[in-house]
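Visitor: Got a minute to walk me through this one? I'd like the helix packing, then a few odd residues.

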Amino acid sequence: MSTGAVDDSLLSRRRAIETAQLVSRTFGMLCAVLYISGLTDLAPRDLSELTMLVCASCIGAMAASNVLGVLARRRPASRFYQAFSAGQVVLDTAAIVAFVAAAEHQGGQTTWPLLGLAISIAAIRHRLTGALLVLLATSVSFVLLVPDSPDFAFVIGVNVMTAVIAGTQSTAFARQLTALQETRRALQHQATHDGLTGLPNRANLAGYAERLTGRPLGVLLLDLNGFKQVNDTYGHAAGDRLLHEVGARLTTALGSEGMAGRIGGDEFLVLLPDAGTAVVARAVVRIRDAIRRPVDIGDGHQVTVGVSAGVAMRPAGGDADLDALSAEADAAMYQDKRAA
């Protein structure tokens with residue numbers, strides 16, 4: 001998933017995963033230290049040098065994984081997040097497999113259930129695919145490193161069930177989260193955009209203007225001339241096609257200079273941040289030229305409409321808000337309409 005597609009709910013889930021793993025992994029490091037310290041009954045008293053070395057390596061691997069976990073938690077929206085996550089899975093799996101093999105060889109201790117932990121971690125992070133890959137890695141490793149285990153078939157069977165259950169559940173949850181994200185984005189778009197033209201609505205324009213407080217701002221209020229005649233002659237469907245095309249032409253005419261929105265009926269509002277008089281004048285000319293071109297409304301019919309425009313300007317440091325500027329532009333627009 002791209003960074004732009006990452007919303008707050010996914011970021012929250014990622015942070016929760018990293019926090020849980022940092023805590024559990026730190027606990028695992030502590031247990032490993034106690035295991036080799038001889039201060040508890042977790043391990044036999046006569047640990048071999050190889051077992052001590054393996055446990056020390058496991059602690060190092062978990063520490064390195066914690067570093068990746070901290071980076072992933074600090075930047076859950078980073079394009080490197082998946083790489084950090086995969087790196088943790090590899091390090092955690094290697095540490096768990098090595099510890100299980102060492103413990104099983106050392107004194108016949110039953111530590112193989114820890115392999116299910118590696119599979120579950122992969123399932124949470126990378127869904128069914130990750131769970132199956134780690135299942136394959138742990139199974140092969142167990143066969144090669146603990147070939148004399150009498151529990152081989154049982155271990156593999158339990159781990160297969162763990163991978164399937166955890167992986168499918170994680171995949172189903174991820175799909176549900178994706179569907180919820182798409183619904184949320186759709187609802188947010190509906191709340192901030194005009195359903196007919198796809199342009200920003202009044203609330204969206206107001207939020208944009210609020211972010212421009214104190215900066216120069218040019219406001220254009222546009223009203224189509226001849227739109228009512230199109231509706232009366234060809235019907236509302238033709239009028240809707242006309243409004244949609246006008247919205248598209250406004251967006252093209254403005255480019256990156258500002259934001260155009262529909263505020264109702266055949267009225268449009270254009271905001272031009274940091275624009276001087278000359279920039280606004282050129283924008284008005286481009287908009288008039290774009291809207292005056294014939295519009296295909298279907299059934300072989302073309303119509304031509306004009307536009308009345310009113311302009312309001314706010315200088316740098318000015319305190320006029322969008323409502324005041326819109327009222328000023330509205331008055332100027334009606335003067336332009338009467339003069340047409």
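**Helix pair, cysteines and odd backbones**

Guide: This is a predicted model. Helix 1 and helix 2 are roughly antiparallel to each other.

Visitor: At what angle do the axes of helix 1 and helix 2 cross?

Guide: Roughly 160°. Anything over 145 counts as roughly antiparallel, hence the label. The axes come within 9 Å. Helix 1 covers residues 8-37 and helix 2 covers residues 49-74.

Visitor: Is the crossing left-handed or right-handed?

Guide: The crossing of helix 1 and helix 2 is left-handed.

Visitor: And which residue classes make up the contact of helix 1 with helix 2?

Guide: There are 13 nonpolar residues, eight polar and four charged.

Visitor: Take A20. Where is it?

Guide: A20 sits in helix 1. A20 is partly exposed, at 47% relative accessible area.

Visitor: How far apart are A20 and L71?

Guide: In sequence, 51 residues. In space, 14 Å between the C-alpha atoms.

Visitor: Switching to cysteines. How many disulfides are there in the whole structure?

Guide: Zero. C31, for one, is in no disulfide. The nearest cysteine sulfur to C31 belongs to C55 and is 12 Å away.

Visitor: Why is there no bond between C55 and C58?

Guide: The two sulfurs are 5.9 Å apart, which is too far for a bond. A disulfide needs the sulfur atoms within 2.5 Å. C58 holds the closest cysteine sulfur to that of C55.

Visitor: C55: buried or exposed?

Guide: C55 is buried, at 1% relative accessibility. C31 is partly exposed, with a relative accessible area of 27%.

Visitor: Now backbone oddities. Which residue in helix 4 has a positive phi?

Guide: R127 does, at about 60°, and R127 is not a glycine. Helix 4 spans residues 114-145. R127 is partly exposed, at 37% relative accessibility.

Visitor: What about D299?

Guide: D299 also has a positive phi, about 55°, and is not a glycine. D299 lies in the loop between strand 4 (295-298) and strand 5 (301-303). D299 is exposed, with a relative accessible area of 77%.

Visitor: Last one, R288. Buried or exposed?

Guide: R288 is buried, because its relative accessible area is 17% and the cut-off for buried is under 20%. R288 lies in helix 9, residues 277-292.

Visitor: What is R288 in contact with, leaving aside its neighbours within four places in sequence?

Guide: V307, S308, A309 and D336.

Terms used: Residues are numbered from 1 along each chain as its sequence is written. This is a predicted model: local features need pLDDT of at least 70, side-chain atom pairs count only at pLDDT 80 or more; totals for chains, interfaces and linings use all residues. Side-chain values use heavy atoms; hydrogens and water are left out. Axes are lines fitted to C-alpha atoms, for helices over the stretch in contact, and angles run from 0 to 180 degrees between N-to-C directions. Helices (H or I, at least four residues) and strands (E, at least two) are DSSP runs, numbered from the N terminus. Angles under 35 degrees count as roughly parallel, over 145 as roughly antiparallel, 65 to 115 as roughly perpendicular and the rest as oblique. A crossing is left-handed if the near helix is turned anticlockwise from the far one by less than a right angle, and right-handed if clockwise. Ala, Val, Leu, Ile, Met, Phe, Trp, Tyr, Cys and Pro count as nonpolar, Asp, Glu, Lys and Arg as charged, and the others, Gly among them, as polar. Buried means under 20% relative accessible area, exposed over 50%, partly exposed in between (1.4 Å probe, protein chains only). Contact means heavy atoms within 4.5 Å.
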